Structure formats: C-alpha cells, structure tokens
Amino acid sequence: RDFNERCAQCSEVNWGLTDGGRFYCRSCHNVTERTREVVNTDFISNTRVQTISKGLRKQEQNDGGCEWYVCEGFQLVLKKQAEALEALGVCPQMKDEILCNFWRRYLQKSKQAYCNRPAGETVKTLSVCDSSTDVESEPERPSLLHLLSLSESEGDLQTDCSFASSTSKVSESTSVCSGSVDGSLYLMKNQKEKLRMTMPMTLSFCYMALLWLREPMTLSDLLRFVVEGHIPYLNVFKHFPEKMKLCGLDLKIFCVESWPVYEEVYNKMLELAVFLDLPRFPDITDSCFLHPDMLCMKYLMEANLPDELHNWTCRVVKKICIGEVDFLTLVPGNKSSRKVKYDVLAAAVIVVALKLLFLLDDHYEWLLSDFAEERNKNNKEGGPYFEFKKWYKVIKCSLDVEQKKLDEERAKYLWRCEKPLFYSARKKSKVLKRRQMVVNLQNQFGKLSGSLRPAEKPNPSSFQLSWSEENTDGSCFHGHSLKGILQEKCGLLTAMNPDYWLCTVRLCTEKLCGHLAHYRGVDFPQSYHFVLRLFSFLLRIQPSYIHDEVCVIEHKLFHKKLCKKRKHNPGLRK
Amino acid sequence: SSHEHKLNFKKSKEVCLSYIQDAMLQKQWKRAAEFLTFYVESLEKDFSTEYMGPSEMIWRIGTEILCHHSHSSMKEFNSFIEQMKTLGVKRYLKVCLEHAFHLLCNGLIDEAYQNLSLAESWRFGEQTVIQDKEMKLIQAYRGLLDYYSWSKQKNILLEHGHDGFEDLSVEQEMHSCFRKAAVNLKEIIKIPGVWDLFVKCYVDLLEFYGDHNEARQVLNEYAYNSKFPANPNAHVYLYQFLKRHGESKKSLISALKILHDIVPSHELMIDFNTMLQKSKKRKKRRLGLEVIFAALDYAGWKENVKAWNCLARQMKQIVISGKHLDWIKQEWNSRKDWWPAFHFSRYLAKRNWQENESLSYEKAVVAGILLGKDCKYFKYISHQGCKAQVKRFRMLKKFVNKHNPVYLRISG
C-alpha cells in the first residue's frame, strides 16, 4: 500500500501482497523480492504502535511457520488477556490505550539493546547448537544443556533435555532449538536489570492497568478468573496463530505449570511500575471500588454479615487513616510507604471489627450470642438481632461445601489442551500418540463415570457466595441488627465487649523473615481461625497474609497504648 | 483437605490420585472412573523418575475399575489393555500376562491362548533379556493351556472308544499338545518356586505316556530340593504318586514324615497314623502316636471322628498290652493342662452327644483312659450311652473301670 515503485515488468503501480508477504504486481503478477517490513498486524490491533523493524525476514518456512520473536508472543498474550477482561466488563480503554502504552513503554525500556543488534546475529547464536565444534571455539557461548538448567521453573522441563545432545547432529534449521527466533537468547542473558518478561508478569501488567483505571476488580478477583479459565493464561499458546510455531525453549517461556501466586504477581507489578518510570497512579478516593470502605461493604455482603457492621469498619478505617488518598494511591518507587493490597486490607479490617465487637476468644462471642438470643425473644418489632451462633452455623455449612467443591476442582484441574507441544520434531510423533491415548482413555472412563465431563466453565461472577433476604429460612444476615450486642453509653452505642487481644505483641521485620507476623495454627482461638479461613477462601490466599495485615492494623489502632505499656500482656483495655 | 491456594501440575495430579484411591477403597467405581479421566493427562508428562510412574498407576487403577464397574464389558477391557501394552515397554510382558489371567478368569480360554502366544513371540532388544522371568511365566501358562487342550482331547478319545480313523486327527493333535505342554512345563519347574499346578499337570502327562521314572524324579526334585521353598503340597503329590504305583510302606512313610513336620494338622495324618500303627517297628508305632496327638491339637480336628478313632484304637491297644504306657504319659504331659478344657469339657460332652454319637464314643474312650472314670466327659457320655442302652457304651464303661489304675499311673 505504501509501496510506490514501478513494477519492473509492466511499469504499473498496482501492488498486492502474497501470502508470503511479498509484493506482487496485480497487473502482470510479477513477484518481487521486497518483503513488507512488519510487525504483523495480526499481533496487535493498535496500528499506531511503534513497529519493530525486522529487516529481511522469511515469512514462510518449510512447515508453514514464520519467524517470530518472544516479545511478539507476549504481546499476543497480553492482547488476548485484555480482550478477555473486556468481555468481563472492563472498559475498552484498558485494552486500547492503557495496556498498550504500558507495553510499548516496556519494550522501549527493555529492548533498547535488542533494537541495536541486527537480526542476523541472533540467528547466528542459534546455529551453535548444530555443531559441537563451535562450542569449543567459542567457549563463552553456553551450551543448550546449560540454558535449560538456568530457568527457575520445575524440574519437569529439565529432564527432557536429552534432546539437546542429539540435536547437535541434526539438521541446521533454526527452528530446532526453539520456534521463536530469540528463544535461547531470551533465556540466556542475565535479564535482572532489564526485567525479563514471564507469564506471571503478564498478569502483573493486567493488574497494573486495572489499577491505573481504578477498575472494580481486585488482584484476588483477577487471579481467581485466571484459575477459573476466563482469562487466558494456562495453555495460552492455543491462541497463537498457526504459523507461530512453538517448540523447544519456547515451552519454558510460555508454558505454565502452576497457578499464579498472589505475592509474586503483586511484587512484580511494583517492580514493573518502577521499571517503567511511571508517575503517581490516579488517586484512590473514597468513591473508588478499591477504597476500603467500598471493599468492606462488598466483603461484608459476601460474608453474610450485617450491614450495620459497615459503620464499624468505617470507624476503624478512619481511626488509623487508611482511607486517606495518599495512603491508598500507588506511587512507584516510594520506598517509605507500605504498598497496599486492597483486598487483603479490607478483609483484615473486617476481621479487626469482628474482634472489636465479639472478641473472638472462643468464649465471649458465644456468650454474646446467647445474650442476643434472649433479647431476640422479646424483640417483636423491627429486625432480628444478630446472633453469632446462627451466623456461624450457616457460614460454616456453606464454607465447608464450597471448600470441598474447590478441593475437588483442584483435583480435576486439566493442564493439557488439545494442542500438544513438543520439544523437537523428533518428539512430535510420540507426543501426538500420547495425546491420542489420553483422549481415548478420557472417553472410555468418562463414559463409565456416569456423566459427561461438563465442558463449560462456571459463569464468571464477582461474588462467590450470595445471600438473599428473600430466603425465608432466615439464612441471610444482612438486615440483622447489632443492637443485640451493643449498649448505650452517653447517648452513643458502643460495644459491650470491653476487651481486645492482640494477635502479636511485636511485629517482625519483613526483611528478616519475609513476614510481619507468624500464623501458626495452634495458638489462636478457633473463632479467629474460622474467620480467617472464610476470607482466605474468598480471596484465595493463605490465611497468614490476612493475619499479617490484621497485625499491622492492630498495631496502628493501639499504637499509643503499645508505646506506653511495653508488657507481654496481650489483653489490653480499649 | 488443604487450604493451599497454590497449585502446580505435580501436586494437582497427586491430589487427584488420592481422590481415586479413596473412591476405590469405598468401592465407588463411578467416582473412581470420573477422577481417573482427570488423572490420565499425567501420561503427557511421564518422566517416571519415581518408582510408580503414572502409566503403571493408570494401568492398575484402570484395571480395577473395569473389573468392578457394572457397566464395563470384556470388549472395553480388552481395548483398554491393548493401549496399556503400548505405554511402557518395560512392562509389556507383565501386562500381557495379567491380561491373559483376566481372560482366563472370564472363561475366554482361546483368547487367553492367543494372547500368550502373541506375547511369546515378542522381541525387543535388551528388554527381552531383562524380562526373561515374565517370558518364562508366559511360556509356562501357555504350556498349561496346552495341557488343558491335551486333557480335553484325551477325554474325547477315551469316551468314544476306538471308532476308527476319525480319532486319528484328534490323537495327533493330542500328541502335539503334549509335546508343546511338556516342553514348557518342564522348563518352569526347574526354577525354584511354587509350581503346584504345573507340577501336577506335568506329572499327569508323564504318567499317561508311561514315563514313570521322569515323573518320580520331578516329584522328588520338587519335594526335596532345598532351593525350592518348603511346600507341603510337594510332599502330598509325591506321596500320592508313590501310592498310585504301589510303592512300599517304607517309602510312603518317609514321604509323609516331612509333611508331618511341616504341617502336623494335614488331613493325610490319618493315613499316616494308620500306617504307622500297623508297623512292626516300635519306633514307627511311637511316631504314630505322636502324629495323631499332634493332629488333634488343632481346632479343625476337634470333631473328626476318624482321628479320634485312630487315637482311641492305638491307646486301647497300648492299655491292653500294658506295654509302653510311658508313651502315653509323655504325650499327655504337655497336653494335660489344656486338653481337658479344649476337648473334654462338660459343654462339649453335651454337644458331642447330641450331634454325633460316634464322635462322643471315641472321645469318651480317650477321656476315660487319660482322665479316669470320674472325669466330667466320660461320666456324662457313658451315663447317656448306658441310659440309651447302646451296647458299646456299656462295654466301654466296663473297660475303663477295669483299667482305671492306668489312669493313675499316667497322670502321676
């Protein structure tokens, strides 16, 4: 289209593109040697993206594949993830602008070195594995075996490196070691300074974009959608076009063998924000979804706790100033402020509020519940008083059922897909045969299991547990009143509970042991464990993370008292 | 259950496997099948660094499920097993062998034979040598099936008599089966092990074709070669063979001697005692007494009339002759503390009398001699017997009364 030379044969200017990416004259069908310089627009929708000049590049190889770079692969992954998020209701701005720009910036910051190096050199590096003699003459080039052992992923992929020794005797095609052009280079270089892209990091990108836009999706929501299959992550190469062949080292880069871990994705996001030199993120104000007041409301609903509890969570938030804009907004690189995990924070606030009202020492909450029950008998007008015991029974029942379902889903999780991968052409037939056998066995035993394996994923939803006030069985506690456990003092309603126990008297330093506190299941009251278990389930994170946050909040809340009394007495009066 | 929110491929499959195991233990075959469908993809990552790789697991679990599931058929089973055979070369012969067993258990003898023959012809470089043991087993079982064919054809011939040339083909086939069977059976019983069925069949073949020497040698080897594990059946087979061929009492007795040592409660102890009692040699008779006492130490013999009869007979004889009372004393010494409660309680007296008069008679003889006329058992039985006016009980009463001093000498 932007090629204006005259055709050598017929002197017309009427060009089209062959499948191979070469220009041909529409008048006389003369094919030229000029190929289009591209980033192939299949890979990214925004054509204003800075193109990565590839120079001469073969569009077709023997097996119908094309040359592609690792970063193009990731670009495609991000695009697919953004599309999925859009389908989930995220605004299109995220895909079209924010994520694109972040990615562009990342390419600039990290690819400076790549752009200077001509494509030819990368090709040359790969040919090392073809003949062993080169290895001897250039000792600083690591062998393929070494490359495979460098990565930090599980041992599975390592044990199949037997192919490495045999490929040295095989053909010279560059697709032997990896489908991508720079796969080996990618793994080889020490990318610490340049923040090498990984699959978990794609989620960091997504979350960062979501946070920038202040979308109503927390990191735990995002990761849950990933695990439930609504966002491409596992087997994302399914979405790669046919001509982008993956093999060899590409597997190490793009294949995922574990669920994404909250901490890892979160920390990487922080690193990324610094790396990209991003400014202060848009403000998180009290009308944002991510503000603790809002998130608490959501979690309270999901936990089937009375709406009135919200007053108390807001009070806690206000008291320790965690609702402030400056506290909540992310400023990359600001080492002095502690980084906020909005979901964990909100959950921890609710836990603290529960402790304030019910003490949760395995005695008092039950006493209070009995007390409320008594008062309920005489309470004819207005809504019922909240009884902890009733709530506990309902929630425990549901939680056990859901946990059991979740455990079974973990056991039934399928990691492989219909598009099998193989390390080298040699392994291809074996892999395909195995795949066929697996499918046969699945069919055979699937018939015997009585029901066909449901192929549909559960509908994505923001709420995992829902309670309706229309239920006549009284299992919804939203409208219940806390009056049952409150008392009037000087015209104000305060909690009857005068006590509080701290989860820990002293906070650890994160640098020493990685945690602020230690959650060893034995020492704490069962009710406390239960409440942590509930939120641990909702957020799909370890209870210890919530516990850490609870400790921090408590220390802020009782800061003055702690400074004054340096005793080991864990029970302090409010 | 775990509250872990991390998960990787390996852990996920481990968890899946534990669900399968739970379901199988509770015989929930549908559920086990369901989880197995999710487990099988672990084959696509079978590096088998651990001893139990997923392919072995899937083979064994799948077999169990298909055996027990109500909806599974032989056809399904066969198709499953054929896939399993391709999974692991190191396991190929084992899978073939178990497949054959399964077919045999379901009465599909021809299919089993075909499978075994096919497996026999398998060659795979080094593996053929490594899996030598399995190969021998396969050949042995094929030999067994050859024996089975031979046996069928033999019966056909014997039934129909000699009708003429129709039988010629059957006869020829029979002989060829014999040859095939003999070769394989002979091979397997060379290896130290427990080959009862194979030995029996082989001996049967040899006897039919008149090769008694070879048969005797085989049985001797099987019974007396110290490399072979101690096997009571080996001695039983040898004894039966010797008896069939009218061997001397001496050799019969020596064959049973070891059996007595290994399994004092064996049913052949009655034959043994009978032979020994009649012997002229004192040592043998002494041994006979020991044998029958030892047999009756076992609960399974408590109501065995024949055994009691043997003991009673021998004891009566000793008492009447007056010689060798010390034999009885020796045997009774280690038993006098517990035999009375074990055999001669009042409850048993009542029961024995009710259920089996002969049993109570024989036991009463023994009780009378060992415990005297005043023992509970004897008193009750003889009283009942005399009341019922059965002659032998009256005679028994007289006998025991007469020989009561003997009891005193024994118990003293």
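Where in chain A is D277(A) found? Look in the loop between α12 (262–275) and α13 of chain A. Keep in mind as you explore that this is a predicted model.

**Two unusual backbone angles**

D277(A) has a phi near 60°, which is a positive value in a residue other than glycine. R214(A) is another residue to look at here: its phi is near 55°, again positive and again not in a glycine. You'll find R214(A) in the loop between α9 (199–213) and α10 (219–227) of chain A.

**Covered or not?**

Here are three residues with their relative accessible areas.

| Residue | Relative accessible area | Class |
|---|---|---|
| S279(B) | 17% | buried |
| R214(A) | 35% | partly exposed |
| M301(A) | 37% | partly exposed |

Why does S279(B) count as buried? Buried means under 20% relative accessible area, and S279(B) comes in at 17%, so it makes the cut. R214(A), at 35%, counts as partly exposed because that class runs between the 20% and 50% marks. The value for M301(A) is 37%, so this residue is partly exposed by that rule too.

S279(B) sits in the loop between α14 (269–277) and α15 (282–295) of chain B. If you set aside its neighbours within four places in sequence, S279(B) is in contact with K284(B) and R285(B).

M301(A) belongs to helix α13 (residues 292–302) of chain A. On the surface, M301(A) joins M297(A) and F463(A) in a nonpolar patch, and together they have about 250 Å² of accessible area.

**A mostly covered helix**

Now hop over to chain B and find helix α2 (residues 29–39). Eight of its eleven residues are buried, so the helix is mostly covered. Among them are the aromatic-lettered W29(B), F35(B), F38(B) and Y39(B), along with A32(B) and L36(B). What do the buried residues of α2(B) pack against? Their partners come from both chains: α18 and α19 (425–448) of chain A, together with α1 (9–25) and α3 (54–68) of chain B.

**Spaces inside**

How many cavities of 30 Å³ or more does the structure hold? There are eight, and the largest has a volume of about 270 Å³. Its lining is made of 22 residues. Nearest the centre of this largest cavity lie W259(A), P260(A) and R540(A) from chain A, plus H5(B) and K6(B) from chain B. Two helices of chain A, α10 and α18 (388–411), each supply at least two residues of that lining. Helix α18 of chain A also turned up earlier, as one of the elements that the buried residues of α2(B) pack against.

Notes:
Residues are numbered from 1 along each chain as its sequence is written. Chains are lettered from A and ligands numbered from 1 in the order in which they are written. This is a predicted model: local features need pLDDT of at least 70, side-chain atom pairs count only at pLDDT 80 or more; totals for chains, interfaces and linings use all residues. Side-chain values use heavy atoms; hydrogens and water are left out. Helices (H or I, at least four residues) and strands (E, at least two) are DSSP runs, numbered from the N terminus. Buried means under 20% relative accessible area, exposed over 50%, partly exposed in between (1.4 Å probe, protein chains only). Contact means heavy atoms within 4.5 Å. Patches are made of residues with over 30% relative accessible area and no salt bridge: like charges are joined within 9 Å, nonpolar side chains (Val, Leu, Ile, Met, Phe, Trp, Tyr) within 5 Å. Accessible areas come from the Shrake-Rupley method with a 1.4 Å probe; for residues, only the protein chains shown count as cover. A salt bridge is a side-chain nitrogen of Lys or Arg within 4 Å of a carboxyl oxygen of Asp or Glu. On a 1 Å grid over the protein atoms alone, a cavity is a set of points where a 1.4 Å probe fits but cannot get out, and a pocket is an open set with protein on both sides within 12 Å along at least five of seven lines; lining residues have an atom within 4 Å of a point. Grid points are joined across faces, edges and corners, and a volume is the space filled by probe spheres set on the points.
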